[in-house]
Amino acid sequence: MSRTVERPARPYLGQMELDDVMRMNTELLAELWILRDRVTVLEHMLEEKKVVDRKALSDFVPQGELAKELERERSALVNRVAGAPHAKSYDFETLAKQAEIG
Amino acid sequence: MITLKQRGRAGLQFLGSLQHYSSSVLRDQAEADFAAQPEAANLAEEFNSDVGPSVWRERLGRAREVVERSKAYRYNRFYQRWVGEQNYIRAIPATEARRAEWQSLVAAKAPKDHSRLQLDPNLEMPSWYDGVEWHLEPGGWDGYDLTQPMFMAGIGPHVFALGGYAAVDVDCNIREQRARVVEQFRKRDMKRIYEPGCGGATTLGVCRQQFPDAELIGGDLSPALLRGGHFISEMLGLDITFRQEDCTKVAERDNSVDGVISYALHHEMPPAVTEKTLREMFRILTPGGEMVINDPPPFRAVNPLQAVVLDWDTDNRAEPYFSAAASINLAKMMREIGFVDVEEYALEKRGYPWVTRGRKPS
Ligand SMILES: C[S@@+](CC[C@H](N)C(=O)[O-])C[C@H]1O[C@@H](n2cnc3c(N)ncnc32)[C@H](O)[C@@H]1O
């Protein structure tokens with residue numbers, strides 16, 4: 001036996017491409033949850049070892065360099081994701097400037 | 001039992017939550033959308049009467065067209081299928097990561113006594129069964145040697161326990177359901193109980209609680225499931241005998257068991273095989289002995305939307321005989337074979353568990 005299950009031949013949402021996008025979306029949602037679960041467990045373990053205080057973590061307001069770093073990363077993410085359907089081209093100069101983005 | 005790594009655990013728990021959402025919020029919306037359709041009342045009326053398989057196909061086709069107008073229903077089906085696939089896509093790697101732990105646990109606890117596990121390497125698998133990847137599991141029941149920990153540590157507690165798949169309603173307690181089904185035996189002084197298609201030790205384990213002194217025997221085609229059942233049974237001291245055999249031709253003698261329990265079996269076989277199985281169970285029952293069946297409800301016992309949902313499993317969740325099984329009348333079949341005091345009824349909402357029970361005349 002090949003032990004292989006085929007993907008369904010027909011779409012569930014009217015169009016195969018729409019199913020594709022929803023499959024990606026749901027996969028990402030799963031990945032997002034796995035990460036949130038992990039961060040929560042991580043915080044819990046660090047707190048138990050008295051490395052991190054979870055309340056202090058929630059109340060912490062990033063300032064200065066850290067705030068700038070977060071802003072930079074955030075807008076890069078927004079640009080990548082929200083901008084994906086609108087990007088008509090890409091060029092070397094813009095890409096090279098992204099060297100520091102994490 | 002083993003536990004999974006964080007990634008596997010959290011991923012499967014996500015599937016449980018998604019299926020729960022899909023089977024409650026989206027499902028309720030789909031019900032409301034269906035009820036608002038002009039055809040709904042007539043379809044509901046029509047679905048009450050018992051007809052043959054070809055008429056059911058035609059009725060279901062019309063009902064599906066109406067049901068699929070609901071966007072909530074279409075998303076609900078998308079998620080049901082996705083979770084159905086992902087159960088294995090996530091649980092197989094997660095279980096594989098624990099192979100060494102599982103194997104050392106098995107080595108430490110492996111049953112010494114094999115007299116209660118009777119495998120038959122020469123048993124021919126029926127052609128209608130062989131090669132089916134049941135429930136979208138690669139390779140079907142015998143496709144994965146770690147199928148037992150995959151269910152017990154993964155899919156079972158994290159996904160199935162929340163309900164909301166096939167005939168199992170969301171938020172029901174599948175453990176309690178099993179106990180309630182076994183309680184449907186009117187006869188309580190059992191000496192020997194047989195379960196055709198027992199899989200593992202789940203239903204017979206419940207029988208052990210309710211019938212502490214009875215001899216329990218389970219038959220199944222799948223060696224992997226029988227081995228798993230034997231392992232659990234020996235570990236918990238349930239004292240169950242597992243035998244690899246086709247339930248249309250079992251090793252029990254005529255008039256030798258006083259109870260037969262069949263749990264979630266008939267929807268996984270063609271109706272002709274169900275009929276043969278019932279005849280075989282009638283043969284082995286003692287006069288006055290009783291058979292209790294739990295299976296998904298027939299189409300005639302549920303509303304059109306639920307019928308469309310059950311029918312969907314046939315082509316979308318690798319259940320090739322689901323629709324054929326839901327089109328037949330088990331109670332009628334039992335009466336024709338000679339069972340008496342035959343009754344059929346649902347124990348909970350949406351028609352499941354659907355119990356059919358009958359007695360062999362004294
Ligand atoms: C959905 S499982 C149910 C298992 C078990 N009764 C329970 O309640 O957990 C159906 C089982 O029926 C078995 N089966 C199907 N056809 C069979 C046959 N002709 N003879 C024996 N077992 C069969 C399958 O191998 C599978 O283990």
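1. Domain bounds here come from an automatic or database domain assignment. On that basis chain B splits into domain 1 (6-117 + 126-162) and domain 2 (174-359), and the C-alpha centres of domain 1 and domain 2 of chain B lie 19 Å apart. Some 48 residues of domain 1 of chain B and 46 residues of domain 2 of chain B take part in the contact.

2. A word on confidence: this is a predicted model. Chain B has a mean pLDDT of 96, with 100% of its residues at 70 or more. For the complex, the predictor reports an ipTM of 0.82 and a pTM of 0.92.

3. Back to the domains. Domain 1 and domain 2 of chain B bury about 4,100 Å² between them, and 65% of that is on carbon and sulfur atoms. If you want to know where to look, try R116(B), L117(B) and W128(B): they supply 18% of the area that domain 1 of chain B buries against domain 2 of chain B, more than any other three residues.

4. The polar side of this interface is worth a look too. There are 16 residue pairs in polar contact across the interface of domain 1 and domain 2 of chain B, and six salt bridges cross it. One salt bridge to inspect in chain B joins R300(B) to D50(B), with the closest N and O atoms 3.8 Å apart. On the domain 1 side, the elements of chain B giving two or more residues are α1 (6-35), α2, α3, α4 (71-96), α5 (99-109) and α6.

5. Salt bridges come to 41 over all chains. In one of them, R62(B) meets E46(B) at 2.7 Å, N to O. Since R62(B) lies in helix α3 (residues 53-67) and E46(B) in helix α2 (residues 40-46), the pair ties together parts of chain B that are 16 residues apart in sequence. R62(B) is partly exposed at 34% relative accessible area, and E46(B) is partly exposed at 25%.

6. R350(B) and D169(B) form a salt bridge at 2.9 Å between the closest N and O atoms. R350(B) is in the loop between β7 (340-346) and β8 (354-359), D169(B) in the loop between α6 (147-158) and α7 (174-182), so this pair ties together parts of chain B 181 residues apart in sequence. R350(B) is partly exposed at 23%, whereas D169(B) is buried at 10%. Both belong to a salt-bridge network with R27(B), D28(B), E31(B) and K349(B).

7. Finally, E252(B) and R192(B) pair in a salt bridge at 2.8 Å, N to O. E252(B) sits in the loop between β4 (240-244) and β5 (257-263), and R192(B) in strand β2 (residues 192-196), 60 residues apart. Both E252(B) and R192(B) are buried.

Terms used
Residues numbered from 1 in each chain as written. Chains lettered and ligands numbered in written order. Predicted model: local features only at pLDDT ≥ 70, side-chain atom pairs only at ≥ 80, totals over all residues. Heavy atoms only, no water. pLDDT = per-residue confidence, 0-100. Salt bridge = Lys/Arg side-chain N within 4 Å of Asp/Glu carboxyl O. Helix = DSSP H or I, 4+ residues; strand = E, 2+ residues; numbered from the N terminus. Buried < 20%, exposed > 50% of the residue type's maximum accessible area, 1.4 Å probe, protein only. Contact = heavy atoms within 4.5 Å. Buried area = accessible area lost by both parts, 1.4 Å probe. Polar contact = N/O pair within 3.5 Å; in protein donor to acceptor, adjacent residues only side chain to side chain.
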